[in-house]
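Thanks for asking me to look this over. Below are my notes, set out as numbered points so that you can check each one against the coordinates.

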Amino acid sequence: MTLLKDGVLTNEELEALPCVPGRERMEKGAVVVIECPQDIPCNPCEPACPKGAIVVGGPITNIPVLKEDLCDGCGLCVAPCPGQAIFVVDLNHGNDEAAVSLPYEFQPLPDKGQKVKALNRRGEAVHEGTVVKVLTPSSFDRTAVITVTVPKELAMEVRSIRL
Amino acid sequence: MRKDKELRVNEHPILGSAEERPRVKIKVDDQWMEAIEGEPVAAALMASGKMVFRYTTRLNEPRGVFCAIGRCTDCMMTVDGIPNVRTCITPVREGMVILTQRGEGRWEGISFEKG
Amino acid sequence: MKKVELAVIGAGPAGLCAAIEGAKHGLQVTLIDENIRAGGQLFKQIHKFFGSGVHRAGIRGVDIGSQLLDETEKAGVEVMLDTVVWGLFEDKVLALVHEGRSTQLSAERIILAAGATENALAFPGWTLPGVMGAGAAQTMMNMHRVMPGKKAIMVGSGNVGLIVGYQLIQAGIKLELLVEAAPEIGGYSVHASKLARNGVKIFTSTTIKEARGDERVESAVTVSVDENWNPVPGTEREHEVDMVCLAVGLSPLIELARLAGCGFKYLSELGGHVPLHDEKMETTQPGIYVAGDIAGIDEASTAMEEGRIAALAAAESLGRLGGEEADALKKSARKRMEEFWDGSFGRRVKASKESLSVKE
Ligand SMILES: Cc1cc2nc3c(=O)[nH]c(=O)nc-3n(C[C@H](O)[C@H](O)[C@H](O)COP(=O)(O)OP(=O)(O)OC[C@H]3O[C@@H](n4cnc5c(N)ncnc54)[C@H](O)[C@@H]3O)c2cc1C
Ligand code: SF4
Ligand code: SF4
Ligand code: FES
């Protein structure tokens, strides 16, 4: 596992998780990607989803299980996750473009339309993306959810932004 | 007067913008500076970039804030003439006089009546 | 001398919950803390907490703190702030000092919820200004809104190191790197991933060798360590930083429990010497209870439940609560606590806690 060495999940580690959708579901459009690999005592993602697409159950140390067909990619579960481990990936955002929605708790917030550096799980800038949405409703409690465009092949790489 | 803007967290994604709070003037080693009313002396000094609060008795080594909650005594200074004051838990007051302490410090400008 | 039914020492999450629960069941409660504000560690913790709804998961520690202060006031708890408890004598008499004046307080039951203190780590240069506890950095940035430096290295990858590391970035400080001497990251991987994706390099099997500088930290030297934690020569690297944060563990603050004559056990998993206590959180001294980090380093979420259990036991022993009702309430608090301990992180804590149990 490299995760426990440097904090970076590899794609193999990811694909083995029950909370990451399969390729087929991803191709259909916006869906949640939950990068929560350990048996930590936590479950706010479960009640956060109005569609019942995330199941943690009991004990709360279970790894969340995604019912990928129930998820419509609405993104309501992104901000409530205390581990900031939840993202929404939309492979059908544009012709060759995907959109990634991610939690963001830094200052200042980007503006809609702003070009930002798209960072991978190692924090390396791999693309210059455009911010297409900035959501900050009070129910998100100061965790903004930012949507940024990236090339399709980077949709499973980009997980943060830098202004 | 020293400027301390740089080391203050004025904007913060979770704490929000810092509210304007009344300022007081304190004198630190012959230099007057501004502090925010009610904040600990140590916070005011760190905001101004001051890191050395005292020098140790034997080896004359610099010390600064280590625990910030009054446990380690690293941050002791001479405040209003009283030595060994833990500045991380002592709020600033208008006109307070603060000295970098050398060794065990001395009672400054305070005379003790005999008898 | 003033007399109270229940004195709670320490107004962190454990003490606040103990005081609230005690008052709810009709006890006359005095809650004492040395700070000018109650809340203990909670007001530094600006991140969303883990757990589930019953543990107030998803709510930021600071907001849980405000909720508890509200409940404390509503419950009619007497709160004495800026008051240090420095002595605990026979017959449960406490020695307090407030604004330089000493007083005494006698209590029928006492709950010790004094929390913990941060461990230091000795290496050349560790006393230089700019080397500080992670909690100290957190206090400076999140409570006083002052940056203790501009470029930092974090030592330790437990949840404290990982979370405070992230909070450094939120406060506008650059976190250059985080080092961990063990071969694997100790805290939750989701916290580590937050740092990694924002450009913080995490080096495991690596420790700090030296902090350099004349009057303050100007750089830090790291070095790789082998499986026996011995430095590997030739792997030293110097990093330009002005701040070294130490997140190398906490130790229970047990002086008062010692004065009270409580029995102890050393358990490294729980942070050091921990007062022996039973399921009701009662120590080997009848009528003296412990709750929270003093009873073994863990989380605020479990500290709150321990506080409740201790107060329920105190109320029961003073006849304010029937045995059945008390048992049911204690049981549900314990269940919430054990939910936290179910995974691989909590399991070790749970096993250690169980080995502390004093037989009735
Ligand atoms: C960086 C960090 C992140 C954390 N994140 C989480 C998290 O996400 N979720 C979670 O559940 N937990 C978290 N924790 C752990 C949690 O904060 C602690 O476990 C919890 O605060 C312990 O509560 P307590 O009431 O025992 O002690 P404290 O909160 O430390 O309170 C003890 C109080 O007692 C006072 N006191 C001590 N001695 C005396 C005396 N003699 N006289 C008077 N007053 C005294 C102290 O000043 C203090 O105010 C985190 C801790 C840290 C450091
Ligand atoms: S994106 Fe919406 S539908 Fe999908 S899991 Fe999250 S909350 Fe549920
Ligand atoms: S809320 Fe986030 S961290 Fe918690 S279990 Fe769900 S995905 Fe994991
Ligand atoms: S910094 Fe430790 S007592 Fe002030």
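**Notes on the predicted model**

1. Let me start on the surface of chain C, with C:Trp86, which sits in strand S4 of that chain. This is a predicted model, so please read every value below as computed from it. C:Trp86 is partly exposed, its relative accessible area being 48%. Together with C:Val84 and C:Phe89, C:Trp86 makes a nonpolar surface patch of about 280 Å².

2. Just a short step along the chain is a backbone detail to look at. C:Asp82 belongs to the loop between strand S3 (78–80) and S4 of chain C. Its phi is near 50 degrees, a positive value in a residue other than glycine. C:Asp82 counts as partly exposed, at 31% relative accessibility.

3. A second positive phi turns up in chain C. C:Met281 is not a glycine, yet its phi is about 75 degrees. The residue is part of the loop between strand S18 (272–275) and strand S19 (288–290) of chain C. Is C:Met281 buried or exposed? At 1% relative accessibility, C:Met281 counts as buried. The cut-off behind that word is a relative accessible area under 20%.

4. Now to the ligand. Which chains supply the residues around ligand 1? Chains B and C do, so the site is shared between chains. There are 33 residues around ligand 1, and those that come nearest are C:Asp33, C:Glu34, C:Asp293, C:Glu299 and C:Ala300. By type, the shell splits into 15 nonpolar, twelve polar and six charged residues.

5. Three polar pairs with ligand 1 are worth having on screen. For C:Asp33, an N or O atom of the side chain is 2.7 Å from an oxygen atom of the ligand. For C:Glu34, a polar side-chain atom likewise lies 2.7 Å from a ligand oxygen atom. C:Pro13 takes part through its backbone: an N or O atom there lies 3.3 Å from an oxygen atom of ligand 1. As for cover, ligand 1 on its own has 1000 Å² of accessible area, and the protein covers 94% of it. The elements of chain C that give two or more residues to this shell are helix H1 (13–24), strand S4 (83–89), helix H4 (159–170) and helix H7 (300–317). Strand S4 is thus also where C:Trp86 from my opening point is placed.

6. On salt bridges, the structure holds 38 over all chains. One of them pairs the side chains of B:Arg8 and B:Glu39, with N to O at 2.8 Å. B:Arg8 is in the segment before strand S1 (23–28) of chain B, while B:Glu39 is in the loop between strand S2 (31–36) and helix H1 (41–47) of that chain, so the pair ties together parts that are 31 residues apart in sequence. B:Arg8 is buried, with a relative accessible area of 6%, and B:Glu39 also counts as buried, at 5%.

7. Two further pairs in chain C have other surroundings. C:Arg101 and C:Glu99 form a salt bridge whose closest N and O atoms are 3.9 Å apart; both residues are exposed. The cut-off for a salt bridge is 4 Å, so you may like to keep it in mind when reading the distance of 3.9 Å. In the pair of C:Arg212 and C:Glu210, the closest N and O atoms are 3.3 Å apart. C:Arg212 is partly exposed, with a relative accessible area of 33%, and C:Glu210 is partly exposed as well, at 23%.

8. Salt bridges also link residues of chains A and C. Which residues make up the network? A:Glu105, A:Asp141 and A:Arg142 are linked with C:Arg60 and C:Asp63 in a network of salt bridges.

9. Finally, chain A has two cis peptide bonds that I would like you to see. One joins A:Gly58 and A:Pro59, with omega at about -5 degrees, and A:Pro59 is in the loop between strand S2 (54–55) and strand S3 (65–66) of chain A. The other joins A:Gln107 and A:Pro108, where omega is also about -5 degrees. A:Pro108 is placed in the loop between strand S5 (97–104) and strand S6 (115–120) of chain A.

Note on methods
Residues are numbered from 1 along each chain as its sequence is written. Chains are lettered from A and ligands numbered from 1 in the order in which they are written. This is a predicted model: local features need pLDDT of at least 70, side-chain atom pairs count only at pLDDT 80 or more; totals for chains, interfaces and linings use all residues. Side-chain values use heavy atoms; hydrogens and water are left out. A residue is near a molecule or strand if one of its heavy atoms lies within 4 Å of it. A polar contact is a pair of N or O atoms within 3.5 Å; within protein, one must be able to donate a hydrogen and the other to accept it, and residues adjacent in sequence count only if both atoms are side-chain atoms. Accessible areas come from the Shrake-Rupley method with a 1.4 Å probe; for residues, only the protein chains shown count as cover. Helices (H or I, at least four residues) and strands (E, at least two) are DSSP runs, numbered from the N terminus. Ala, Val, Leu, Ile, Met, Phe, Trp, Tyr, Cys and Pro count as nonpolar, Asp, Glu, Lys and Arg as charged, and the others, Gly among them, as polar. Buried means under 20% relative accessible area, exposed over 50%, partly exposed in between (1.4 Å probe, protein chains only). Patches are made of residues with over 30% relative accessible area and no salt bridge: like charges are joined within 9 Å, nonpolar side chains (Val, Leu, Ile, Met, Phe, Trp, Tyr) within 5 Å.
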